[in-house]
Amino acid sequence: MHLSTHNWMRAEPLETTLKRIKKFGYESIEISGEPEQYKTKETRALLKEHGIRCWGAVTLMLGERNLAAKNQGQRERSVQYVKDVLTMISELDGEIITLVPATVGKVVPDGTEEEEWKWVVDATRECFTHAKKVGVKIAVEPLNRFETYLFNRGAQALALADAVSPECGVCLDAYHIHMEEFNVYDAIRQVGKRLFDFHVADNNRFAAGLGQIDWPRIVATLKEVGYDGALTNEFVAPVDRTPAAPYPDMVERHPVDISPEQLKFIQDHGSSVLTEKFYTDQMRITAETLLPLIK
């Protein structure tokens with residue numbers, strides 16, 4: 001196992017992110033799933049310069065992106081988006097994309113269970129065919145019920161992976177599974193060798209170590225099932241707008257270089273653009289919590 005991180009949680013130059021995470025002992029990064037933001041030749045050079053490899057990306061299912069949409073054109077555009085992310089990661093020598101099948105924040109279905117299952121299976125199969133072509137793995141990620149109605153538990157993500165291919169995998173996220181699973185350790189065991197990625201944030205979605213999750217037991221269970229991939233940092237610290245706020249200086253009041261869509265995505269997670277100091281502290285705390293457990 002090694003330590004990785006997403007970078008969608010704060011708008012800043014990629015070089016700034018790479019310098020910070022290298023200092024704290026991160027080995028790789030999951031690039032924000034927005035292919036139009038990255039010129040892969042320049043990005044590869046930056047990664048090489050800072051000694052950080054691309055582990056993969058997570059699909060940012062914003063707006064109309066939805067593999068389970070009733071509208072065929074919407075599904076086709078969503079499939080093309082996923083293909084574009086897969087191509088980007090292939091060009092960055094990455095290994096995996098984490099696939100969130102439906103629009104984040106959408107909690108009302110478009111059709112019956114049978115209809116949506118067919119739509120999402122067919123769309124994911126098409127994405128998987130492209131993934132095989134470009135040499136990148138797909139891991140289906142379940143989210144908690146307040147972010148999606150479609151897949152909330154590892155068993156559901158595994159069912160979609162099974163319907164697509166034995167070579168399709170699952171990504172689990174410590175924050176989500178502590179909300180939705182009957183037993184988080186059994187959930188990890190059930191996915192077993194099909195666990196291709198693992199995202200980390202504590203039960204309050206602050207950095208690992210700032211909540212109630214038993215990280216030594218989580219890491220031990222991952223080792224038990226033979227997981228040897230990334231622990232990818234994905235904290236989304238909730239903003240406290242009351243006088244009880246323990247971190248009054250956590251919010252960047254004048255963010256730059258962030259699209260309205262990405263800002264909305266972050267805000268829909270109950271957060272905001274974080275200040276560099278607060279963000280850096282969260283990166284450091286995650287590393288200090290997890291690195292001793294995985295080395």
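In which helix is the place of E116? In this predicted model, E116 belongs to helix α4. The surroundings of this residue are described below, after an account of the chain as a whole.

The protein chain contains 10 helices and 8 strands. Its C-alpha trace extends over about 45 × 40 × 40 Å along the principal axes. For 295 residues, a compact globule would be expected to have a radius of gyration near 19 Å, and the 18 Å found for the protein chain agrees with that expectation. Of the 295 residues, 59% are buried. Among contacts with a sequence separation of 6 or more, 79% join residues that are 24 or more positions apart.

The surface and the charges may be considered next. About 13000 Å² of the protein chain is exposed, and carbon and sulfur atoms contribute 50% of this area. The chain carries 35 positive and 44 negative side chains, with a distance of 3 Å between the centres of the two sets.

An annotation is available for part of the chain. In an unreviewed entry, UniProt assigns the feature "domain: Xylose isomerase-like TIM barrel" to residues 19-242. Within this span, 42% is helix and 16% is strand, and the C-alpha atoms at its two ends are 33 Å apart.

Attention then turns to E116 in helix α4. With a relative accessible area of 5%, E116 lies under the 20% limit and is therefore buried. When residues up to four places away in sequence are left aside, E116 touches A68, P109, D110, G111, Y149 and L150. The C-alpha atom of E116 is separated by 9.0 Å from that of L67, a residue 49 positions away along the chain.

T103 is located in the loop between β4 (96-99) and α4 (113-134). Its relative accessible area is 9%, so T103 is also classed as buried, the limit being under 20%. Beyond residues up to four places away in sequence, T103 is in contact with M61, L62, G63, E64, R65, N66 and E147. From T103 to K22, the C-alpha distance is 32 Å, and the two residues are 81 apart in sequence.

Two residues stand out by their backbone angles. Most residues other than glycine have a negative phi. D93, although not a glycine, has a positive phi of about 60°. This residue is placed in the loop between α3 (72-91) and β4. D93 has a relative accessible area of 52%, and because this value is over 50%, D93 is classed as exposed. R205 likewise has a positive phi, near 70°, and is a residue other than glycine. R205 occurs in the loop between β7 (195-200) and α8 (215-224). Is R205 buried or exposed? Its relative accessibility is 5%, and R205 therefore counts as buried.

Helix α8 includes A220. The relative accessibility of A220 is 41%, a value between the limits of 20% and 50%, so A220 counts as partly exposed. The C-alpha atoms of A220 and I294 are 8.8 Å apart in space, while 74 residues separate the pair in sequence.

Note on methods: Residues numbered from 1 in each chain as written. Predicted model: local features only at pLDDT ≥ 70, side-chain atom pairs only at ≥ 80, totals over all residues. Heavy atoms only, no water. Helix = DSSP H or I, 4+ residues; strand = E, 2+ residues; numbered from the N terminus. Rg over C-alpha atoms; globule rule 2.2 N^0.38 Å. Buried < 20%, exposed > 50% of the residue type's maximum accessible area, 1.4 Å probe, protein only. Contact = heavy atoms within 4.5 Å. Areas by Shrake-Rupley, 256 points an atom, 1.4 Å probe, with all protein chains shown as cover. Lys, Arg positive; Asp, Glu negative; His and termini not counted. Charge placed at Lys NZ, Arg CZ, Asp CG, Glu CD. UniProt positions renumbered as here; feature names shortened; annotations may be inferred.
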